[in-house]
Amino acid sequence: MSSIIRVLVVDDSALIRDVLSRLLAQEGDITVVGTANDPLDARDKIKALNPHVVTLDIEMPNMNGLAFLQKIMRLRPMPVVMVSTLTTKGASETMLALELGAVDFVAKPGAEMAGGLEAFGATLREKVRLAAHSDVQARAHRAPAPDLPLKSAAAPQGALIAIGASTGGVEAIRQVLATIPTDCPPIVIAQHMPKGFTGRFAARLDELVPVKVVEAEDRMPLANGTAYVAPGDFHLRVEKTSGQMKCRVTQDEATSGHRPSVDVLFSSVAKVVGSKAVGAILTGMGRDGAAGLKAMREAGAFTVGQSRGSALIYGMPKAAFEIGAVVEEAPVEKIAGRLVAALLKLKSAA
């Protein structure tokens, strides 16, 4: 790929197409090679213009954006960034888009667009850059070998599973949770995602995986068989009071550039749970989670990183591996098995 990122903007609103085009071109490393007002127009322009990344609206005439995304991923897998509305319906559709193969999403500004336009533009450009460097084709053509069914994840009292992810993590987390048995210890999750989407993310996971999944609330007790997702724009930590592990949800300053931060979550797990924890760092750009996972390993926890071949973006797992935070790497479909095996080993040693 050349250093200039070629983007096709797809939206039925001429105003939004113009705004997105101007924002994307602002720093010179992204060029909008074309715009399309519906999926049928977009289909022809993808063939003619060969963009590196497509930005795609969901609600459009002639063909729903989700239906079009499904066609793209089947016929010509390529990086797609969804531009979503921040509503309950929009959040649900965004989760479906990520399941279908979209790399990431950005929340479309509403009536207050002028006030937040600069921040929106910076986020949009960052997402497009990440998408341009993601390995969508490898993910689309990969045929993962199914793991053996996991019958039990029984662990000693006080054990915990911690998972952190960023871009590509919505689908990776679903794959990991899909094979973790319901007798597992509590699971805490930090996924980089803005406010307004994490509740729907938790609810969607709850529909798809065996364990119960909820959005974490402050002082919520941690129970076996339940996964707790850090709320968007809040940090999630684990604390122990009166012998009971609980969620601590706070809005102190961003760490490693993020809130929620994987480093914040993992560091609390290292301190509170120590050698009874197991942790996984999944796909994502940057270094968030590497230092926290290293703290977990140094406290005696088993740690695993998603391997290069299965990660949409091998950034966070690579950073963790390079500083010695990872005991072993594994493809995403094998990570649950590694975590469960470590839990069973803890159980047998107890």
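The largest pocket in this predicted model holds about 820 Å³ of space. It is lined by 38 residues, and those closest to its centre are Phe 105, Thr 123, Lys 127, Met 193 and Pro 194. By class, that lining divides into 17 nonpolar, 11 polar and 10 charged residues.

Which elements supply the lining of the largest pocket? Strand S5, residues 104-107, helix H5, residues 113-132, and helix H7 each give at least two residues. H5 has the largest share, with seven residues.

Next, the enclosed space. There is one cavity of 30 Å³ or more, and the largest cavity contains about 50 Å³. Its lining consists of Met 95, Glu 99, Val 170, Glu 171, Arg 174, Phe 201, Arg 204, Leu 205 and Leu 208. Two or more of these residues come from each of helix H4 (88-100), helix H7 (169-178) and helix H8 (198-208). The largest share belongs to H8, which gives four residues. In terms of class, the cavity lining has five nonpolar residues, four charged and no polar ones.

H7 therefore turns up twice, once in the lining of the largest pocket and once in that of the largest cavity. Is H7 itself buried or exposed? Seven of its 10 residues are buried, so this helix is largely enclosed by the rest of the structure. The buried ones are Gly 169, Val 170, Glu 171, Ala 172, Ile 173, Val 176 and Leu 177. Val 170 and Glu 171 are on that list, and both also line the largest cavity.

H7 has a further role in the packing of helix H12. It is among the elements that cover the buried residues of H12, along with strand S6 (160-165), strand S12 (277-281), strand S13 (302-306) and strand S14 (328-330). H12 runs over residues 332-349, 18 residues in total, and spans 27 Å from its first C-alpha to its last. The expected figure at 1.5 Å a residue is 26 Å, and the helix is close to that. Its buried residues are Val 332, Glu 333, Ile 335, Ala 336, Gly 337, Leu 339, Val 340, Ala 342 and Leu 343. As background for reading that list, an α-helix has 3.6 residues a turn, so residues three or four places apart point the same way.

Another helix residue to look at is Gly 292. This glycine sits in helix H10, residues 290-298, and is buried, at 0% relative accessible area. What does Gly 292 touch, leaving aside residues up to four places away in sequence? The contacts are Asp 263, Phe 266 and Ser 267. With Asp 263, the C-alpha to C-alpha distance is 4.4 Å, across a separation of 29 residues in sequence.

On to the cysteines. How many disulfides does a search of the whole structure find? The search returns zero. For Cys 184, the closest cysteine sulfur is that of Cys 247, and at 14 Å it is too far away for a bond. The relation holds in the other direction, since the nearest cysteine sulfur to Cys 247 is that of Cys 184. Cys 184 is buried, with a relative accessible area of 0%, and Cys 247 also counts as buried, at 0%.

Last, some backbone geometry. There is a cis peptide bond between Arg 259 and Pro 260, with omega at about 10°. Pro 260 belongs to the loop between strand S11 (244-250) and helix H9 (262-272).

Two residues other than glycine have positive phi values to mention. One is Asn 50, with phi near 50°. Asn 50 is in the loop between helix H2 (39-49) and strand S3 (53-57), and is partly exposed, with a relative accessible area of 45%. The other is Asp 233, where phi is near 70°. Asp 233 lies in the loop that links strand S9 (226-229) and strand S10 (235-241). This aspartate is partly exposed too, at 25% relative accessible area.

Notes:
Residues numbered from 1 in each chain as written. Predicted model: local features only at pLDDT ≥ 70, side-chain atom pairs only at ≥ 80, totals over all residues. Heavy atoms only, no water. 1 Å grid on protein atoms, 1.4 Å probe; cavity = no way out; pocket = protein on both sides within 12 Å on 5 of 7 lines; lining within 4 Å. Points joined across faces, edges and corners; volume = space filled by probe spheres on them. Nonpolar A, V, L, I, M, F, W, Y, C, P; charged D, E, K, R; others polar. Buried < 20%, exposed > 50% of the residue type's maximum accessible area, 1.4 Å probe, protein only. Contact = heavy atoms within 4.5 Å. Expected span 1.5 Å × (residues − 1). Disulfide = S-S within 2.5 Å.
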